[in-house]
Amino acid sequence: MSGVERKRNVLNVNQKLEILQKLDNGESASTDAEDILNDGNTISHSAALKSVETLLDYMGQTGFDHGDISAVRQICVDIRQEMNKQQKQRRITDFFKQ
């Protein structure tokens with residue numbers, strides 16, 4: 001992608017902590033994260049996966065409930081499956097372009 005510059009919008013530390021505090025209080029924070037990340041931009045699967053893995057590390061260090069950690073692990077699985085699906089679709093498309 002020469003000449004194309006992508007701007008990726010990721011959560012900063014304060015935004016992540018704010019969302020985690022909302023989760024600790026039993027509030028839903030998913031729309032907050034989506035609003036920040038999707039403000040005219042999209043986030044790559046690999047960036048999303050890295051963020052979720054960072055969240056898992058944090059949850060492991062702070063003693064989150066096993067059920068919560070399992071739910072976040074499932075998000076990692078879902079992201080990897082979507083990445084693989086899109087990669088397979090690209091390979092098929094590339095094959096037929098040749």
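1. In this predicted model, Leu 56 touches four residues that lie further along the chain than four places in sequence: Ile 69, Val 72, Arg 73 and Cys 76.

2. Leu 56 also belongs to the largest nonpolar core, which has 10 residues. The other members are Ala 48, Leu 49, Val 52, Met 59, Phe 64, Ile 69, Val 72, Cys 76 and Ile 79. Helices α3 and α4 each supply at least two residues of this core, and α3 gives the most, with five. As general background, nonpolar side chains in soluble globular proteins tend to be buried together.

3. Ser 51 is placed in helix α3, which spans residues 45–62. Is Ser 51 buried or exposed? Neither term applies: Ser 51 counts as partly exposed because its relative accessibility is 29%, and that class lies between the limits of 20% and 50%. Ser 51 and Cys 76 are 25 residues apart in sequence, and their C-alpha atoms are 9.7 Å apart in space.

4. A nonpolar patch on the surface is formed by Ile 92, Phe 95 and Phe 96, which together have about 370 Å² of accessible area. Ile 92 lies in helix α4, residues 66–97. With a relative accessibility of 42%, Ile 92 therefore counts as partly exposed.

5. Confidence should be considered when the model is read. The protein averages a pLDDT of 75, and 69% of the residues score at least 70. Confidence is highest in α3, at a mean of 87, and lowest in helix α2 (residues 30–37), at a mean of 56. Where pLDDT is low, the predicted coordinates should not be read in detail.

Key: Residues numbered from 1 in each chain as written. Predicted model: local features only at pLDDT ≥ 70, side-chain atom pairs only at ≥ 80, totals over all residues. Heavy atoms only, no water. Helix = DSSP H or I, 4+ residues; strand = E, 2+ residues; numbered from the N terminus. Buried < 20%, exposed > 50% of the residue type's maximum accessible area, 1.4 Å probe, protein only. pLDDT = per-residue confidence, 0-100. Patch = residues over 30% accessible without salt bridge, like charges linked within 9 Å, V, L, I, M, F, W, Y side chains within 5 Å. Areas by Shrake-Rupley, 256 points an atom, 1.4 Å probe, with all protein chains shown as cover. Salt bridge = Lys/Arg side-chain N within 4 Å of Asp/Glu carboxyl O. Core = buried A, V, L, I, M, F, W, Y, C linked by side-chain atoms within 4.5 Å. Contact = heavy atoms within 4.5 Å.
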